[in-house]
Amino acid sequence: MAITILSPERAYAFAPPIASEIAWTQQPADPSDQDCLTHREWWLRRAAALDRLLLENPASSPEVIEEAAAAAIYLLDSDRGPRDQDPRVYVRHAYHAWRRADLITTGRCPNCGWVAYQCACADHPDA
């Protein structure tokens with residue numbers, strides 16, 4: 001199964017700042033929690049934050065590079081994603097889909113991030 005390859009800019013268009021995502025993954029919540037959704041969200045946000053960190057600073061330390069690769073592979077394996085994909089490309093795709101669903105759930109337009117009733121996007125159902 002091939003996934004859509006998104007540019008990092010598109011994949012992370014409405015992502016919170018990297019620092020806040022890293023802080024979110026440092027919170028006391030246990031990433032080994034067996035609640036499937038919480039567990040996946042933790043790994044997804046961690047892998048995406050590390051991917052974004054490497055995109056901003058490709059000359060990061062070997063430890064950060066290794067941690068980003070490990071988080072991406074863990075997410076790919078947990079999701080039973082396509083093994084013929086670059087794990088970081090998979091993270092971008094998965095994050096984009098998750099963030100889009102999160103925006104919709106919280107009443108925001110997935111195309112522009114505005115509150116739905118204020119949105120004028122052509123793709124928005126209420127436009």
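Among contacts between residues at least 6 apart in sequence, 55% join residues at least 24 apart. The model of this protein is predicted. Its secondary structure comprises 5 helices and 0 strands, and the structure holds 8 salt bridges.

**Overall architecture**

- Along the sequence, the elements follow the pattern α-α-α-α-α.
- The protein has 127 residues, of which 38% are buried.
- About 7,600 Å² of the protein is exposed, and carbon and sulfur atoms supply 56% of that area.

**A salt bridge between helices α3 and α5**

- Arginine 88 and aspartate 51 form a salt bridge, with their closest N and O atoms 2.5 Å apart.
- This pair links distant parts of the chain, since arginine 88 lies in helix α5 (residues 87-105) and aspartate 51 lies in helix α3 (residues 36-56), 37 residues apart.
- Aspartate 51 has a relative accessibility of 1%, and it therefore counts as buried, the cut-off being under 20%.
- Arginine 88 counts as partly exposed because its relative accessibility is 24%, which falls between the limits of 20% and 50%.

**A salt bridge between arginine 83 and aspartate 77**

- Arginine 83 forms a salt bridge with aspartate 77, and the closest N and O atoms are 2.5 Å apart.
- Arginine 83 has a relative accessible area of 56%, so this residue is exposed; the term applies to values over 50%.
- Aspartate 77, at 40% relative accessibility, counts as partly exposed.

**A salt bridge within helix α5**

- The side chains of arginine 99 and aspartate 102 meet in a salt bridge, at 2.7 Å from N to O.
- Arginine 99 and aspartate 102 are 3 residues apart in helix α5, and therefore about one helical turn separates them.
- Arginine 99 counts as buried, with a relative accessibility of 17%.
- Aspartate 102 is partly exposed, with a relative accessible area of 26%.

**A salt-bridge network**

- Glu21, Glu41 and Arg45 are joined into one network by salt bridges that share partners.

**Points to retain**

- The partners of a salt bridge can fall into separate exposure classes: aspartate 51 is buried, whereas arginine 88, its partner, is partly exposed.
- Helix α5 contains arginine 88, which pairs with a residue of helix α3, and helix α5 also contains both arginine 99 and aspartate 102.

Methods. Residues are numbered from 1 along each chain as its sequence is written. This is a predicted model: local features need pLDDT of at least 70, side-chain atom pairs count only at pLDDT 80 or more; totals for chains, interfaces and linings use all residues. Side-chain values use heavy atoms; hydrogens and water are left out. Helices (H or I, at least four residues) and strands (E, at least two) are DSSP runs, numbered from the N terminus. Buried means under 20% relative accessible area, exposed over 50%, partly exposed in between (1.4 Å probe, protein chains only). Contact means heavy atoms within 4.5 Å. Accessible areas come from the Shrake-Rupley method with a 1.4 Å probe; for residues, only the protein chains shown count as cover. A salt bridge is a side-chain nitrogen of Lys or Arg within 4 Å of a carboxyl oxygen of Asp or Glu.
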